[in-house]
Amino acid sequence: MIVAAAVCPSPPLLARELTGRAEVLPELTGACAAAAGHLLATAPDVIAVVGAGQETATWDPDDRLDLSAYAPLPAAGRPVTRQPGKPGLPLALGIGALLLDEAGYAGPRILQAVDESAPAADCLRLGRDLAAAAPRAALLAVGDGSARRGPDAPGYVDERAVPFDDAVRDAMREGDMAALAGLEADLARDLMATGRAAWQVLAGAYEGTSRPAAAIRYAADPFGVAYLVALLS
Amino acid sequence: MLMDDVAVATSGARAAREPGPLRLGRRVFPAHQRLVMAIVNRTPDSFYRPGATWDAGAALDQVHAAVAEGADILDVGGVPAKPGPEVTAAEEIRRVVPFVEAVRAAYPDLVISVDSWRHEPARAVCEAGADLLNDTWSGWDPLVAEVAAEFGAGLVCSHVGTLTPRTRPFRPSYADVVADVLDRVLGLAERAQKAGVDPARIVIDPAHDFGKNTWHSLELTRRLGELTATGWPVLLSASRKDFVGETVGAPVDGRLAGTLAVTAVGAWLGARIFRAHDVRDTRQALDMVAAIRGDLPPARTVRGLA
């Protein structure tokens, strides 16, 4: 049974160690902290972090983001946790784990990767399974909107990007899980929107429940990537 | 000839000391920190922008600018290095002391260095609040070290070969210029310690161009690691000097890029203080090297991380 959920983006710059001497996007980090706090406040039995990966797989809950993959000479901070020869935790899961750590969460967690190209039906099923993982399960869906929102965006311009992200934001604000379930995987891939599969897992987790109440805490694209932070309950 | 017997006292190998924090004035600088020493000349005739800060107001303005641009240390000079009209000790004191007092009043914690080789001005500037005696002429007056000890000031131990103050090199030659520099500066450091100078306040300086031709200064730059390996903090003073100009074929006002190249190489090889006319550019070059080495995080990184 799902008791609460949150949506957060997954830019590496959410890891403080990666942004140099400057704090970048404090509003976004604040919103993400609020999202993690929202989950903790419901005292869940388990928090499932879900994010896109190469394949659908469950990771060791003790795994963490390998910062050295982004900053080979870490200026400071957390030790490298990746085992030599082993692939590192997918970015979205690493960011999710980081947000839970920063919120002080030490309870049970599931780190669930979802195949970035998984069809909607598979994502929905995975969501149902995660919701059933515990009497009181919380979900943190980590992923981003389009990275093609303008000439300065990582993926340059795609005119479909803004309507796509607006539709996701509106669906999230309304708790409209059917709209999330209906997102097109191919379009999302074209738009470099890494959050699509995770959002559909979220929709699956709320299947069979009443429409969740939702609040948007952040929706902007300071670097051409749509970041969305939402709280659902 | 030199006035002292350092060469006799310094033969033989010395054990490297552990690089430690550098103490200057009230400040303590860890070994990995690279410091900019901003040059402010109280002279009418120094080689770069002669007379630009001869006026006391202009000199103070330059101090404000240097501090804003990231200077850690100020190096005040009252006598040009090149030959020219005599500047008596009394005149040097007149040029420098009121200025040191004014800077000290405006910046209680700023490290003030004074470029001087005579003990009378050295004593006067220490009384006025100077923290470091930049004895560019290589211990020509041994009493300068005594003054540093007496006031708890720092001392720069430099190398000028066989030169006396305010003279130009005439066909200098060395079997091994780096060995000669090491022998001299380590000998002076030893002498300074014996005189009672706090070892945490001693700096060594190969003094590019002083008693050297351009080939010698290039060799010193190339092998600067042999100086930093001694564990003593190394001062690199290369800003717009002739060896840079001869190397890149540029007059004084066209030597910034060459200077910054020397700065970067020196920083990479472990020098800790960089005497500079161009504070902002030097600060940037040093921060860049520090980030490459991993000693300092970049200012702000978002590229590819959004």
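The lining of the second largest cavity in this predicted model comprises, by class, four nonpolar, four polar and one charged residues. The residues concerned are L236(B), A238(B), S239(B), T259(B), T263(B), F274(B), R275(B), A276(B) and T282(B). The space enclosed in the second largest cavity amounts to about 50 Å³.

Two secondary-structure elements of chain B, α10 (256-268) and β10 (273-276), each contribute at least two residues to the lining of the second largest cavity. Of these, β10(B) provides the largest share, with three residues. Since arginine counts as charged, the charged residue of this lining is R275(B).

The largest cavity has a volume of about 70 Å³. Its lining consists of D135(B), G139(B), D141(B), P142(B), V144(B), A145(B), L155(B), V156(B), C157(B), L188(B), R191(B) and A192(B). By class, the residues lining the largest cavity are eight nonpolar, one polar and three charged. Because Gly is counted among the polar residues, the polar member of this lining is G139(B). The charged members are D135(B), D141(B) and R191(B).

Three elements of chain B, namely α5 (143-151), β7 (154-158) and α6 (177-195), each supply at least two residues of the lining of the largest cavity. In total, three cavities of 30 Å³ or more were counted in the predicted model.

Conventions:
Residues numbered from 1 in each chain as written. Chains lettered and ligands numbered in written order. Predicted model: local features only at pLDDT ≥ 70, side-chain atom pairs only at ≥ 80, totals over all residues. Heavy atoms only, no water. 1 Å grid on protein atoms, 1.4 Å probe; cavity = no way out; pocket = protein on both sides within 12 Å on 5 of 7 lines; lining within 4 Å. Points joined across faces, edges and corners; volume = space filled by probe spheres on them. Helix = DSSP H or I, 4+ residues; strand = E, 2+ residues; numbered from the N terminus.
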